[in-house]
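This briefing goes through one protein structure by topic. Please keep the sequence and the model open while reading.

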Amino acid sequence: MSLGSYNVTGEVIYVETPQNKNSYIISGSYPDRYLATKDVLINKVDPVINFATYDNWTTTSDYTHINQPDSVVDMIVMIWRGLVFANWWSGEASLGYGNLYNVENGTIKIKAGYGNNAGSGVTIHYWEERPLEYTSHSTVHEIGHWLLGSAHPYGGPNDHGFWGIMRHSNDGICANTQERERLGWITPTLITSDVLNVTISDYITTGAAFKFHPSNGYTNEYFYFENHQKLSVFDYATRNDNDKGIFVLHQQDIYNGSNNIRCKTSKWSMELDIK
Ligand SMILES: [Zn+2]
């Protein structure tokens, strides 16, 4: 998806909780998740993982990272399995909130919040009623909050079908042009005049995309064009594998917490009245 720009290193481990699962359910809300995760990380994970290996980055501000340790673990993806804290809850971009705690004999900290210098990871909630695919989307989404911010820009009262890292886990989670461009993963081709007989190669595998600003539109209004040929398992813009073709996104204004993006695909009758 990042075409080699974003590389993740890490280990995957599986541990059993120190206590019976019923002892972790107290209120069904934040304190439970925080305390349960803390118990597992300190008593089960710390003895087998060297957390110092995963303290490599210091954040100074949004989109600014220095390759320098700060005695805080960079990123833990905590996936709970089989323990239902609350059945409406899919995950969160924190380790449950609450105070920081120490691992590695007090030399490394784990922070439980979200935001610059406030957190060390995300929490995902999985049990048998949730498909694995849904859980994998939740994982992408929660990590995505650390890449793109806390907002859910595509939700709201006029919820539109859409795909993107910041969409809901039931929807297509593949990163859209706006997100990939924001992260510096791709550079869409800007259309500034009439173009005819253009070839657009596959969006996911090549990063090709077009971007168009209507001259009579809003200042930050754009149309994005992506060719989804479903060549990659990450091409999950829609659930139907046969949905191949040009997908069009309409961004009405800047990317923020508002519901300002709409989309159409070439599968539907596409009427773009833009000049
Ligand atoms: Zn979210």
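How many salt bridges does a search of the whole structure find? The search gives 2 salt bridges. The model is predicted, and the points below cover its overall make-up, its salt bridges, its nonpolar cores, a few loop residues and a surface patch.

**Overall make-up**

- The protein contains 4 helices and 12 strands.
- It has 275 residues, and 46% of them are buried.
- Taking contacts between residues at least 6 apart in sequence, 59% join residues that are at least 24 apart.
- About 14,700 Å² of the protein is exposed, with carbon and sulfur atoms supplying 50% of that area.

**Salt bridges**

- One salt bridge pairs R33 with E92, and their closest N and O atoms are 3.3 Å apart.
- This pair links distant parts of the chain, since R33 belongs to helix 1 and E92 to strand 4 (residues 91-92), with their positions 59 residues apart in the numbering.
- Both R33 and E92 are buried.
- Another salt bridge joins the side chains of K211 and E181, at 3.0 Å from N to O.
- Here too distant parts of the chain are linked: K211 is in strand 9 (residues 210-212) and E181 is in helix 3 (residues 177-182), 30 residues apart.
- K211 has a relative accessible area of 12%, so it is buried, the cut-off for buried being under 20%.
- E181 has a relative accessible area of 27% and is therefore partly exposed.

**Nonpolar cores**

- The largest nonpolar core has 23 residues, and the members that touch the most other members are L41, F51, I76 and I110.
- Helix 1 (30-45), strand 3, strand 5 (101-103) and strand 6 (108-110) each supply at least two residues of this core.
- Helix 1 gives the largest share of this core, 5 residues.
- Another core lies apart from it and has 11 residues, including F162, W163, C174 and A209.
- F51 is in contact with L41, V45, D46, V73, I76, V103, E104, I108 and I110, leaving aside neighbours within four places in sequence.
- I110 is located in strand 6.
- The relative accessibility of I110 is 0%, so this residue counts as buried.
- Not counting residues up to four places away in sequence, I110 touches L41, F51, V73, I76, L95, L100, Y101, V103 and S120.
- I110 and S71 are 39 residues apart along the chain, and their C-alpha atoms are separated by 8.7 Å.

**The loop between strand 10 and strand 11**

- S232 sits in the loop between strand 10 (222-228) and strand 11 (245-251).
- Is S232 buried or exposed? Its relative accessibility is 18%, so S232 counts as buried.
- The side chain of S232 reaches the backbone nitrogen of F234 at 2.9 Å.
- Beyond residues up to four places away in sequence, S232 touches I204 and T205.
- K230 also lies in the loop between strand 10 and strand 11.
- K230 has a phi near 55°, which is a positive value in a residue other than glycine.
- With a relative accessible area of 15%, K230 is buried.

**The loop between strand 1 and strand 2**

- Y63 lies in the loop between strand 1 (58-61) and strand 2 (64-66).
- The phi of Y63 is near 65°, a positive value in a residue other than glycine.
- Y63 counts as partly exposed because its relative accessibility is 40%, and partly exposed covers the range between the buried limit of under 20% and the exposed limit of over 50%.

**Surface patch**

- Which residues make a nonpolar surface patch of about 220 Å²? The patch is made by M75, V77 and I79.
- V77 is found in strand 3 (residues 76-81).
- V77 is partly exposed because its relative accessible area is 33%, and residues of a patch need over 30%.
- Strand 3 is also one of the elements that supply at least two residues each to the largest nonpolar core.

Notes
Residues numbered from 1 in each chain as written. Predicted model: local features only at pLDDT ≥ 70, side-chain atom pairs only at ≥ 80, totals over all residues. Heavy atoms only, no water. Patch = residues over 30% accessible without salt bridge, like charges linked within 9 Å, V, L, I, M, F, W, Y side chains within 5 Å. Areas by Shrake-Rupley, 256 points an atom, 1.4 Å probe, with all protein chains shown as cover. Salt bridge = Lys/Arg side-chain N within 4 Å of Asp/Glu carboxyl O. Buried < 20%, exposed > 50% of the residue type's maximum accessible area, 1.4 Å probe, protein only. Polar contact = N/O pair within 3.5 Å; in protein donor to acceptor, adjacent residues only side chain to side chain. Contact = heavy atoms within 4.5 Å. Core = buried A, V, L, I, M, F, W, Y, C linked by side-chain atoms within 4.5 Å.
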